[in-house]
Each structure stands twice: as structure tokens, then as C-alpha cells.
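Colleague: I would like to learn how to read salt bridges and pockets in a model. Where do we begin?

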Amino acid sequence: LCETAVLVLHVIETTNTLIRQEKFEDLEAFLRNVFLSSRDPDRIDKDPTVKATNILTLIQKYNRKMASLEAYYGILSERAHPNSAGHRGTFMRFHSDKVELSFGNNFNSDYFMRDLVLFNMGVNIG
């Protein structure tokens with residue numbers, strides 16, 4: 001959802017700018033890139049105008065206008081596509097009274113970041 005919102009914002013802003021400047025050929029090229037972009041090297045070799053823009057590039061661009069967008073995207077991305085840290089945050093519970101971890105269906109958003117930070121501090125410390 002965050003990726004889609006940023007892409008839509010980018011399309012609206014760029015389209016409006018190009019229309020105001022009456023750069024209709026640039027607008028056509030921009031929209032063609034948005035709708036037909038690719039990461040396929042063979043396609044890009046044949047037509048460099050179809051080279052896709054990485055979504056992180058747009059997120060970083062709009063992060064300047066919307067503080068915390070990149071951090072918010074990172075959290076959502078981690079929840080949608082968890083790596084090691086995301087799995088720990090989702091399935092791990094830190095029990096400070098016993099100084100132990102348990103794994104299971106433990107997700108509680110109130111503790112997600114706290115437990116993740118405490119766990120990673122432990123790993124980094126020792």
C-alpha cells in the first residue's frame with residue numbers, strides 16, 4: 001500500500017508539472033515508463049526509456065516531504081516480507097524477569113519494537 005501510494009503521488013506530481021510546462025512529449029515518455037517499465041536487461045538494452053525506477057528511490061525522495069515515510073515503509077516492509085529481525089519481532093517474546101526468549105504466536109504490537117531492540121542489544125553486546 002505504501003509503495004502504491006508513493007507511486008501514485010509521483011505520477012500525479014510529475015504529470016501535473018509536465019502539463020503545466022506543456023511538455024507533452026515528456027509526459028508521454030514518463031507515462032509510458034510508469035506503465036511499461038521493466039527490469040529486464042534485454043528489454044532495457046533495446047529501449048532504455050523503459051528502465052524501472054526502484055521504489056526505494058521514490059520513497060527516499062518523498063521522505064524529504066513526509067518525515068518518517070522511509071521508517072514507516074521499512075516497518076511495513078518488514079512485516080510483509082520478514083527477514084530474521086522481522087521473524088524475531090513477530091514470533092519472539094523477551095521475558096525480562098527470566099532473561100529468556102520464547103517463540104510462538106507472540107505478536108503484540110506494544111512489545112514488538114521493545115523486544116526486537118532488547119534482543120538485538122543482547123546479540124550485539126555479547
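Modeller: A salt bridge is a side-chain nitrogen of Lys or Arg within 4 Å of a carboxyl oxygen of Asp or Glu. The model here is predicted.

Colleague: How many salt bridges does the structure hold?

Modeller: There are 2. In one of them, Glu 13 pairs with Lys 65, and their closest N and O atoms are 3.0 Å apart. Glu 13 belongs to helix H1 (residues 2-20) and Lys 65 to the loop between helix H4 (55-63) and helix H5 (69-80), so this pair ties together parts that are 52 residues apart in sequence.

Colleague: Are Glu 13 and Lys 65 buried or exposed?

Modeller: Buried means under 20% relative accessible area, and exposed means over 50%. Glu 13, at 27% relative accessibility, counts as partly exposed, while Lys 65, at 53%, counts as exposed.

Colleague: Which residue forms a salt bridge with Arg 32?

Modeller: Glu 28 does, with 3.8 Å between the closest N and O atoms. Both sit in helix H2 (residues 24-36), and because they are 4 residues apart, about one helical turn separates them. Arg 32 is partly exposed at 39% relative accessibility, and Glu 28 is exposed at 52%.

Colleague: Now the pocket. How much space lies in the largest pocket?

Modeller: About 230 Å³. It is lined by 13 residues, and those closest to its centre are Leu 7, Ser 37, Thr 53, Ile 55 and Leu 58.

Colleague: Which element gives the largest share of that lining?

Modeller: H1 does, with 4 residues. By type, the lining divides into 6 nonpolar, 6 polar and 1 charged.

How values were computed:
Residues numbered from 1 in each chain as written. Predicted model: local features only at pLDDT ≥ 70, side-chain atom pairs only at ≥ 80, totals over all residues. Heavy atoms only, no water. Helix = DSSP H or I, 4+ residues; strand = E, 2+ residues; numbered from the N terminus. Buried < 20%, exposed > 50% of the residue type's maximum accessible area, 1.4 Å probe, protein only. 1 Å grid on protein atoms, 1.4 Å probe; cavity = no way out; pocket = protein on both sides within 12 Å on 5 of 7 lines; lining within 4 Å. Points joined across faces, edges and corners; volume = space filled by probe spheres on them. Nonpolar A, V, L, I, M, F, W, Y, C, P; charged D, E, K, R; others polar.
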